[in-house]
Amino acid sequence: MLSSSIVMFLIITLITFGAWILGLSILRTQKILQLFKTEPERLSWRIMFFLMIFFLGGYLLCIYLTVGKLIEWIPLLTGMVFFFGALFVFFSVTIYYQTLERLFLVQEKYRKAKEKAESALFQLQENQQTQMQLIQRETMLALGTMIAGIAHEINNPVSFIHGNLEHLHQYTDDLLNILEIYASVYQNPDIKIVQAIDNSDLTFIKSDLPKLLNSMEVGTIRIGEIVQLLSNFSRLNEADYKKADIHEGIDSTLLILQHRLKCSYGKSKPIVVIKEYGEIPPFFCNPRCLNQVFLNIINNAIDALIKKAKIIYPTTDTTPTIWIRTFNFQDNQIVISITDNGCGMSDEICQSIFQPFFTTKPTGQGTGLGLSISYQIIVEQHGGSIKCTSIPDQETKIDIRLPIKQI
């Protein structure tokens, strides 16, 4: 009798515990029903909800029959529970399948949307890069055209002056010889001539005039060299790729920026450029594009030195300096290193400076195009590499490596 009572207690306990679990499932299903927005989506879960209520009723009825010892009804109730249990499992599997199907559909839509967004973003970046290249190209072409025009306009009158200086030398020598002959023949000239000679300081003129003409000739030669450097910088009439001297391009770029280098900022000294050129023979490259890279990098170095000059240099004896070094590396590469002792930058900024439209300058002072264009010229056009290393408040170094192309 005692063992029968224990079995009955265990049965009632298990059925009660199952009813409690089923009640929790019903509450959870009510929350799930609230997540669906449309009735077709809610229908399957609503059927599940009603089946759970039926099961709960079956559990309660089973407890009643067990307590009332109406054992003869339990087999019928068990059969009904098995039938509706199988129906419940079928609906559960069906709903799970539909849920997975909707999930996979959403994932596919998300994948297509992501691919479309990435494609649109890639196209936008390509358009931005194309626009950036066009802007920079037009800017450099305009600068080159202006420089070439100025060089041509300067070259014509300077060539005229330089060519006539040779004749002026000859005419001056002839006139001075004639004066010496007159002085030897007429040793006692008229008083008016003596006074005119004293007033004009003829002795000084005879010694200084040749020096003056020589200095004018040196000046015209120097102007001619400057015009040649300006022409080398523009290179509008040359082929894209040719054998060129890299040092010539750097020198012409420094000439373009000479006005910025010589200016003193605040109480600081003018910027000093130290050139340490290695023995690099002419090699095949696009010299006009490389000049553009040098212009962008040296311009940024000058900006960094100006920024530091306003903060630190007035209180120190440090000279704002740009070092330009060139050397051969591993027999088939050329290295151009440009270093300044300016304000420097953090590692995070240093890693971002070659990205399009990235700039640390105030609005209106920087476009973020210069270094990204330089990256494209060095990496994509010439197959080289460009790297930036920097220490805040100390220095920034740009290393350019170019392969020596055999064409």
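Here are some questions and answers about this predicted model.

Colleague: How many helices and strands does the protein chain have, to start with?

Modeller: We're looking at a chain of 407 residues, and buried residues make up 30% of them. Its accessible surface comes to about 26,000 Å², with 62% of that belonging to carbon and sulfur atoms. As for the elements, the count is 10 helices and 7 strands.

Colleague: Among contacts between residues at least 6 apart in sequence, what percentage join residues at least 24 apart?
Modeller: One such link is V273 with I322, which are in contact. Taking the contacts in the chain between residues at least 6 apart, the share joining residues at least 24 apart is 71%.

Colleague: How far apart are the end C-alpha atoms of α8, and does that agree or disagree with its expected span?
Modeller: Helix α8 covers residues 287-309, and 19 of its 23 residues are buried, so it is largely enclosed by the rest of the structure. At 1.5 Å a residue, those 23 residues should span 33 Å. The ends agree with that, with a C-alpha separation of 32 Å.

Colleague: And α10, which of its residues are buried?
Modeller: α10 runs over residues 370-381, and its 12 residues should span 16 Å, which agrees with the 15 Å between its end C-alpha atoms. After α10 comes G383, with a positive phi near 65°. Buried means under 20% relative accessible area, and the α10 residues that qualify are L371, S372, I373, S374, Q376, I377 and I378.

Colleague: Which helix supplies the largest share of the lining of the second largest pocket?
Modeller: That pocket has a volume of about 410 Å³ and is lined by 19 residues, with L179, Y182, I193, I197 and L202 nearest its centre. By class, the lining has 14 nonpolar, 3 polar and 2 charged residues. Helices α3 (74-185), α4 (191-200) and α5 (202-234) each put in at least two. The largest share, 9 residues, comes from α3.

Colleague: Is H169 buried or exposed?
Modeller: H169 sits in helix α3. Leaving out residues up to four places away in sequence, H169 touches P210, L213, N214 and E217. The cut-off for burial is under 20% relative accessible area, and H169 has 19%, so it counts as buried.

Colleague: What about V273, which residues is it in contact with beyond its neighbours within four places in sequence?
Modeller: V273 belongs to strand β2, residues 272-276, and at 26% relative accessibility it counts as partly exposed. V273 and P320 are 47 residues apart in sequence, yet their C-alpha atoms are 8.8 Å apart. With those close neighbours set aside, the contacts of V273 are L254, L261, I322 and I324.

Colleague: How far apart in space are D399 and V335, C-alpha to C-alpha?
Modeller: D399 is in strand β7 and counts as partly exposed at 22% relative accessibility. Beyond four places in sequence, D399 is in contact with I336, S337, S385, I386 and K387. V335 is 64 residues away from D399 in sequence, and the C-alpha distance is 6.9 Å.

Colleague: Which residue has a positive phi although it is not a glycine?
Modeller: Most residues other than glycine have a negative phi. Look in the loop between β6 (385-391) and β7 (395-403). There, with a phi of about 65° and no glycine to account for it, is D393.

Terms used: Residues are numbered from 1 along each chain as its sequence is written. This is a predicted model: local features need pLDDT of at least 70, side-chain atom pairs count only at pLDDT 80 or more; totals for chains, interfaces and linings use all residues. Side-chain values use heavy atoms; hydrogens and water are left out. Helices (H or I, at least four residues) and strands (E, at least two) are DSSP runs, numbered from the N terminus. The expected span of a helix is 1.5 Å times one less than its number of residues. Buried means under 20% relative accessible area, exposed over 50%, partly exposed in between (1.4 Å probe, protein chains only). On a 1 Å grid over the protein atoms alone, a cavity is a set of points where a 1.4 Å probe fits but cannot get out, and a pocket is an open set with protein on both sides within 12 Å along at least five of seven lines; lining residues have an atom within 4 Å of a point. Grid points are joined across faces, edges and corners, and a volume is the space filled by probe spheres set on the points. Ala, Val, Leu, Ile, Met, Phe, Trp, Tyr, Cys and Pro count as nonpolar, Asp, Glu, Lys and Arg as charged, and the others, Gly among them, as polar. Contact means heavy atoms within 4.5 Å. Accessible areas come from the Shrake-Rupley method with a 1.4 Å probe; for residues, only the protein chains shown count as cover.
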